[in-house]
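Thanks for coming. I will go through one structure today, starting with a sheet and ending with a pair of helices. Please keep the view open while I talk.

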Amino acid sequence: MAQMKFYCDAERCIECNACVTACKNEHEIPWGVNRRRVVTIKDGEQGERSLSVACMHCADAPCATVCPVDCFYTTGDGIVLHDKDICIGCGYCFYACPFGAPQFPEQAAFASRGKMDKCTFCAGGPEEDHSSNEYKKYGRNRLSEGKLPLCAEMCSTHALLAGDADVLSDIYRKRVINRGASAFEWGVNQLKS
Amino acid sequence: MLSLVLTLAFGLQLSSADASNIPPQKPNVPDGVSALNPGSDLWREVRRRDGVGEFNEVNQGVLVKDLLSEIQRSRQVPQGISQVNQVDSGVMINAKGRRWAAFRMTTLASYSGIALAAIFVIIITFYVVRGKVPIEGGLSGNMVKRFTDYERITHWTLAVVFLLLAITGLILLLGRPLLIPLFGKEAFALLASASKEGHNLFGPLFLVSLIMMLISFARRNIYEKGDLTWLLKGGGLIGKGHASGGFFNMGEKTWYWMVILIGLVISISGLILVSPNFGQGRLIMELMHIVHAVSAMILIVVSVGHMYLGSIGSEGALEGMKTGYVDINWADAHHDRWGKHCHEEDLIVSAEEYARMQGQPADSAEPAMEQGK
């Protein structure tokens, strides 16, 4: 079985936010919910880097550990999904998640939380594949159509990669070698990367 | 041969020396250019590590202290920025989440379960050993007014709201290990969802009834002379004979101030948790969750003792909160200074009069009440 992973290359990400937009559009995500976001570290300073962050589909997911109703499950592809019929919207997964992936639509007064929403690796949810219920709750199921997550598919610099962990690490390893181990050259050499 | 020995000795000395004493080597690079790997530089920034020697500080020590220092640090040095305008969206990695999750699922859940089981075992053992504490000389039938209707409504509102909050809170904390194996995920999700909504709904009511409690009972719960003697005599729980007490004894006063102070802590932390729309980040939420849960567990455990002493633990005690009247013998036994005051002021309602007050319909009961006073 494949182990699905995201990888974002900090030396390539140009903070264009296309992945964020693509994700929102593909899954028709409601206002205020962002399954993916781009974070820029040291903005405007030397060593500025951006990374696109969403659910990283952890092998030992803290959200699943802390969930009071145990609504998370890991698919055979290593994708962490959750059941919105069981989720009670307590917000604990958001506190436990290192990446801030779980999102909550504001439902009523004082921003009381609705059912949690997060990146599904474009793999839908526990509902029947391609059913309208699945689309409404979890968004498009691209994986069952043999497609990879849209955010990675349309990344213009190929900074964001999605797919089998072995394939991704091979790609990244080649990149590092081609960069000539930029650590020793004090920075990034675009020609080599 | 000699050089080999020297090298070995030198090597051993180096390895035994404290690693932090070795000054970090400064790379020979022009000023202003970082010779560090940009990847590790980024990682250091993301994991909030300032440099060599600080690695050990991550995820160690007391969790609350760890959270507080991280909150302070994130105020001073924000991690990053994001075009997505949300709480904590600029934070790439929240390093404390995992520690908090581990605390909630192992430390908090297990200690709460143990504390609950322990208090019930203690109470049952105490009941078996000591039994119901009787009133010396039995009930006289002559009553004295202890609580007004307003005070009783305040007490029972707080009690009911507290119990609902305690039960729903415990369902959310202990439901996954204890109830999911029994009911399955789907059924438990319904219960947990109702618990969450109920907890959020009754939470603000708890604060309101707590303030009512503060207003109506605070004056009589101020510590006074004689409270120390009560404490030294063990409140009459240990050994024979009753300890001297006023309208409220020292134990009741302490319970009252526990409810007020811990209750306020629970209410404030709960309000912060329930309304995530004031920009409070995950670190604050994690901290507030710990404060909320730990203080609530303390109050729940002590409340079991209060419920026991107010009902089956002590004869005639429940009457006061049920009807507002208590037997004068009970008052003399448990609150002798107040009982003496009742005798002196002639506040005692005779058994016949009390029966008439209870038996008559509400509209004609009013004059009898006046007479009783």
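Start where the two chains share a sheet: strand β2 of chain A, residues 37-41, pairs with β1(B) in the antiparallel sense over three bridges. Strands here are DSSP runs of E with at least two residues, helices are runs of H or I with at least four residues, and both are numbered from the N terminus. Two strands count as paired if DSSP finds at least two bridges between them.

Before I go on, this is a predicted model: local features need pLDDT of at least 70, side-chain atom pairs count only at pLDDT 80 or more, and totals for chains, interfaces and linings use all residues. Residues are numbered from 1 along each chain as its sequence is written, while chains are lettered from A and ligands numbered from 1 in the order in which they are written.

Back to the strands. Opposite B:Ile81 in β1(B) stands A:Thr40, and opposite B:Ser82 in β1(B) stands A:Val39. On to the pairing inside chain A: β2(A) and β3(A) are antiparallel, over five bridges. There, A:Ile41 faces A:Arg49 of β3(A). In general, strands of a sheet pair through backbone hydrogen bonds, either parallel or antiparallel.

What is the order of the strands in the open sheet? The order is β3(A)-β2(A)-β1(B), three strands with antiparallel pairing. β3 of chain A (49-53) and β1 of chain B stand at the edges, each with a single partner strand, so one side of each has no neighbour in the sheet. From one strand to the next, the twist averages 30°.

Is β3(A) enclosed or open? Five of its five residues are buried, so β3(A) is largely enclosed by the rest of the structure. Buried means that 20 or more other C-beta atoms lie within 10 Å of a residue's own; exposed means 12 or fewer, partly exposed is in between, and the C-beta atoms are placed from the backbone. Both faces of β3(A) are covered, with A:Arg49, A:Leu51 and A:Val53 on one side and A:Ser50 and A:Ser52 on the other.

Now chain A as a whole. Chain A has six helices and six strands, in the pattern β-α-β-β-α-β-β-α-α-α-β-α along the sequence. Its C-alpha trace spans about 50 × 40 × 30 Å along the principal axes. The radius of gyration of chain A is 18 Å, which agrees with the value near 16 Å for a compact globule of 193 residues. That radius is taken over C-alpha atoms, and the globule rule is 2.2 Å times the number of residues to the power 0.38. Of the 193 residues in chain A, 43% are buried.

Chain B has 15 helices and four strands, and 25% of its 373 residues count as buried.

How many residues does each chain bring to the contact? Chain B brings 51 residues and chain A brings 41 residues. Two residues are in contact if their C-beta atoms, placed from the backbone, lie within 7 Å. On the side of chain B that touches chain A, α7(B) gives the most, with eight residues. By class, that side has 23 nonpolar, 17 polar and eleven charged residues. Nonpolar covers Ala, Val, Leu, Ile, Met, Phe, Trp, Tyr, Cys and Pro, charged covers Asp, Glu, Lys and Arg, and the others, Gly among them, are polar.

One residue to look at is B:Ile180, in helix α6 of chain B, residues 180-183. B:Ile180 counts as partly exposed because it has 18 C-beta neighbours inside 10 Å. Leaving aside neighbours within four places in sequence, B:Ile180 is in contact with A:Asp70, B:Gly175, B:Lys185 and B:Phe188.

Last, the helix pair. The axes of α4(B) and α10(B) come within 10 Å and cross at roughly 5°. That makes α4(B) roughly parallel to α10(B). Axes are lines fitted to C-alpha atoms, for helices over the stretch in contact, with angles from 0 to 180 degrees between N-to-C directions. Angles under 35 degrees count as roughly parallel, over 145 as roughly antiparallel, 65 to 115 as roughly perpendicular and the rest as oblique. Residues making the contact include B:Trp100 and B:Phe103 of α4(B) and B:Met297 and B:Tyr308 of α10(B). By class, this contact has 14 nonpolar, three polar and two charged residues.
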